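I opened a fresh page for this structure and wanted to work from the whole chain down to single residues. These are my entries in the order in which I made them.

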Amino acid sequence: MSIIEEVVVDGKLPRYTDNSITDLNVYLDNLRQIREEGISESFEEYTYGIAGLGCPIFNSRGEIVLILGAFRSSASNHYDAQITRNLLQKGAREITQAISSF
């Protein structure tokens with residue numbers, strides 16, 4: 001939370017594009033959802049033209065220490081989002097298991 005507090009100005013997170021999440025409560029709710037579902041999707045939230053998927057990787061204390069992600073052009077529709085989600089989640093689970101003793 002201390003990292004987030006460093007970038008909050010007047011109760012808002014920085015806006016990079018029109019799709020940026022600037023409401024802290026919405027952002028925190030998204031983090032909760034990412035922990036539950038094991039995946040996050042971004043569509044031009046930081047940079048126009050870029051979409052991404054990311055899966056958290058946890059240490060033995062349940063803290064997010066890494067993220068496994070994939071990025072693509074936001075204009076691209078020539079990929080199977082569900083296959084990509086499944087592969088990323090599987091990889092993130094395997095990495096989490098491998099590093100969970102640290």
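The entries below go from overall make-up to the sheet, its hairpins, and a few residues of one helix.

**Entry 1, the whole chain.** I noted at the outset that this is a predicted model, and I kept that in mind for every value that follows. I looked up the elements and found 3 helices and 3 strands in the protein, which follow the pattern α-α-β-β-β-α when read along the sequence. For the extent I took the C-alpha trace, which spans about 40 × 40 × 15 Å along its principal axes. The accessible surface comes to about 7,100 Å², and 55% of that belongs to carbon and sulfur atoms. Of the 102 residues in the protein, 25% are buried. I also looked at contacts between residues at least 6 apart in sequence, and 40% of these join residues at least 24 apart.

**Entry 2, the sheet.** In what order do the strands of the open sheet lie? I found the order 1-2-3 for its 3 strands, with antiparallel pairing. Strand 1 and strand 3 (64-73) stand at the edges, and because each has a single partner strand, one side of each is left without a neighbour in the sheet. The twist averages 20 degrees from one strand to the next. Helix 3 packs on this sheet and touches strand 1, strand 2 and strand 3, while its direction makes about 25 degrees with that of strand 2. I added a reminder to myself that strands of a sheet pair through backbone hydrogen bonds, in either the parallel or the antiparallel sense.

**Entry 3, strand 1 with strand 2.** I followed strand 1 (residues 40-43) against strand 2 (residues 50-58) and found antiparallel pairing over 4 bridges. As one point on this ladder I wrote down Glu41, whose bridge partner in strand 2 is Leu53. The hairpin of these two strands has 6 residues between them, and Glu44 takes a positive phi near 55 degrees there.

**Entry 4, strand 2 with strand 3.** How many bridges join strand 2 to strand 3? I found 9 bridges, with the two strands running antiparallel. Here I wrote down Cys55, which has Leu68 in strand 3 as its bridge partner. The hairpin of strand 2 and strand 3 has 5 residues between the strands, and Gly62 in its turn has a positive phi of about 80 degrees.

**Entry 5, two residues of helix 3.** I then turned to Ile95, which lies in helix 3 (residues 81-99), and to Thr96, which has its place in helix 3 as well. Is Thr96 buried or exposed? Its relative accessibility is 17%, under the 20% limit, so Thr96 counts as buried. Leaving aside residues up to four places away in sequence, Thr96 touches Pro56, Ile57 and Phe58. Ile95 has a relative accessibility of 31%, which lies between 20% and 50%, and therefore counts as partly exposed. Ile95 also belongs to a nonpolar patch on the surface that it forms with Val65 and Leu66, and together these residues have about 220 Å² of accessible area.

Note on methods:
Residues are numbered from 1 along each chain as its sequence is written. This is a predicted model: local features need pLDDT of at least 70, side-chain atom pairs count only at pLDDT 80 or more; totals for chains, interfaces and linings use all residues. Side-chain values use heavy atoms; hydrogens and water are left out. Two strands pair if DSSP finds at least two bridges between them. Patches are made of residues with over 30% relative accessible area and no salt bridge: like charges are joined within 9 Å, nonpolar side chains (Val, Leu, Ile, Met, Phe, Trp, Tyr) within 5 Å. Accessible areas come from the Shrake-Rupley method with a 1.4 Å probe; for residues, only the protein chains shown count as cover. A salt bridge is a side-chain nitrogen of Lys or Arg within 4 Å of a carboxyl oxygen of Asp or Glu. Buried means under 20% relative accessible area, exposed over 50%, partly exposed in between (1.4 Å probe, protein chains only). Contact means heavy atoms within 4.5 Å. Axes are lines fitted to C-alpha atoms, for helices over the stretch in contact, and angles run from 0 to 180 degrees between N-to-C directions.
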